Amino acid sequence: MNFMDSSRTAFRKKSFGELLRALTVLSLCSSNSLVTHNQQLMTTFRKILGRSLYERFMQLTFYGQFVIGKEEKTVRPIIERYLKDGVGPILYYALEEDKSETNRLSNDPFYARNVASFKEAIDITARAAKTNGYIAVKPTALCSPYLWVKLTEVIQQRTQQVESDSYHRHTEFLCGSQPEGLTKVEVQELNKLGQRAEDIITHAAHSGVRVMIDAEQTYMQPAIQRVLGVEMMNKFNKKSVVVFVTYQTYLKGALQNIARDLQYCQRENIKFGGRIVRGAYLNQERNLAEEHGYEDPTNPSFSATSQMYHNVVQLLLQRIEDSPGDTEVMFATHNEDTLRFILSLLELKSYSTNNISFGQLYGMCEHITFHLGQVGIPVYKSMPYGEIDLVTSYLGRRVIENKGVFEKVKKEKKLLSKELARRVWKKN
């Protein structure tokens with residue numbers, strides 16, 4: 001479980017150019033200054049180089065490292081190559097919310113195009129991976145961030161004096177009646193949101209593809225977990241797990257939120273699907289809390305977040321032990337200590353991995369991913385795809401979100417350097 005012996009396995013199908021690109025890009029992403037100003041730098045590069053040279057530059061560097069392509073003919077071969085090594089896809093059409101429309105409630109053409117793009121991602125996944133694949137859905141690609149914020153405010157107002165066990169009954173939205181606290185127009189948009197989500201998930205279920213609901217900031221996340229999470233699990237997870245909800249363990253309330261949803265699923269005879277991550281918006285959450293004078297919702301330190309992650313792991317594994325077949329979970333982490341913790345628990349109690357899997361981002365931690373795949377443990381890569389113009393803002397956000405991870409890729413860079421040197425000496 002030291003993940004060192006797997007470097008040859010991870011890199012054996014990589015070309016010399018791919019290894020050199022990985023080492024270069026990961027080294028650049030380890031620079032705090034470059035990461036912080038990455039959007040400004042990309043804008044400047046585009047002005048200087050022009051569109052054609054800029055796209056070529058991105059393909060040779062950041063886009064090529066972290067994105068698998070822009071269309072099926074480039075995406076599918078990569079998915080199939082990873083599948084041969086036991087690594088499944090989480091295909092992510094890298095949509096970012098339309099910032100110019102943040103305060104606009106209705107933008108039907110934009111959301112219709114997004115639904116069509118997610119359904120296309122489902123079709124690509126089904127053709128490439130059959131029934132061994134996921135797609136990830138970004139909630140702000142289905143409705144305005146304004147609506148998510150408003151729904152979260154309504155939830156928080158309703159549940160201030162509501163006990164945990166009755167939380168779900170008091171926050172049900174897609175139930176046919178007009179929820180209190182929403183205007184007529186907001187209710188119409190909520191219904192459209194429900195229809196879009198059901199359209200995507202129904203298509204996925206019929207295609208044998210599972211759906212990961214992505215996480216957002218805390219001022220939207222309660223509504224996302226409620227509407228796209230629990231309510232969609234209630235509709236689609238009766239017989240098998242189709243919908244997975246993302247839970248962020250950098251939040252102080254992570255364990256409580258998961259325990260609450262587990263309790264609800266057990267009571268309503270729903271199969272629970274969860275993806276566990278550390279979280280992506282730490283600095284933004286802390287800045288917002290300081291700016292608006294409310295309690296910081298995040299854990300005070302990295303070690304506290306790790307402890308929360310481990311507590312969540314123990315809760316979910318206990319649930320799997322107590323009720324086999326009713327819970328499926330993906331532990332998405334690049335942290336080797338956390339992976340060793342989980343694997344030691346799996347070995348200690350001889351858990352089956354039928355309901356347990358792992359996930360990492362495409363372009364990072366190949367030595368971990370391929371090691372897990374080679375020993376037969378279910379593991380998946382989150383694989384963004386899309387046009388360069390579309391994914392530029394996505395790449396900028398992901399680089400900032402994973403700044404802490406990039407600062408700790410010393411081991412991966414060492415393994416890449418070792419493999420490059422081995423090939424040079426072998427050639428000579």
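Buried means under 20% relative accessible area, exposed means over 50%, and partly exposed lies in between (1.4 Å probe, protein chains only). This is a predicted model: local features need pLDDT of at least 70, side-chain atom pairs need pLDDT 80 or more, and totals for chains, interfaces and linings use all residues. Residues are numbered from 1 along each chain as its sequence is written, and side-chain values use heavy atoms, without hydrogens and water.

Q: How many residues of strand β1 are buried?
A: Strand β1 (a DSSP run of E, at least two residues, numbered from the N terminus) covers residues 87–93. The strand is mostly covered. Its buried count is 7 of 7.

Q: Which residues of β1 are buried on the side opposite Val87, Pro89, Leu91 and Tyr93?
A: In a regular strand, side chains alternate between the two faces of the sheet. Both faces of β1 are covered. Val87, Pro89, Leu91 and Tyr93 are buried on one side. Buried on the other are Gly88, Ile90 and Tyr92.

Q: Which residue of β8 is the bridge partner of Tyr92?
A: Strands pair if DSSP finds at least two bridges between them. β1 and β8 (residues 379–385) run parallel, joined by 7 bridges. In β8, the partner of Tyr92 is Pro384.

Q: Which residue of β2 is the bridge partner of Ile90?
A: β1 also runs parallel to β2 (residues 134–137). Here 2 bridges join the strands. Ile90 has as its partner in β2 Tyr134.

Q: In what order do the 8 strands close into a barrel?
A: The pairing in this barrel is parallel. One of the pairs is β1 with β2. The order is β1-β2-β3-β4-β5-β6-β7-β8.

Q: Which residue in β7 stands opposite Val329?
A: β6 (residues 327–332) and β7 (residues 356–361) pair in the parallel sense. They share 4 bridges. Opposite Val329 in β7 stands Ile356.

Q: How many aromatic pairs does the structure hold, and which of the terms stacked, tilted or edge-to-face fits Phe45 and Phe57?
A: Rings of Phe, Tyr and Trp (its six-membered ring) pair with centres within 6.5 Å; planes under 30 degrees apart are stacked, over 60 edge-to-face, the rest tilted. The structure holds 9 aromatic pairs. Phe45 and Phe57 lie 5.2 Å centre to centre, with 50 degrees between the planes. Their pair is tilted.

Q: Why is the pair of Phe110 and Tyr111 edge-to-face?
A: Phe110 is buried at 12% relative accessible area, and Tyr111 is buried at 2% relative accessibility. Their ring centres are 5.2 Å apart. The pair is edge-to-face because the planes stand at 65 degrees.

Q: Which residue joins Tyr82 and Tyr362 in one aromatic cluster?
A: Tyr82 and Tyr362 belong to one aromatic cluster. The Phe residue in that cluster is Phe370.
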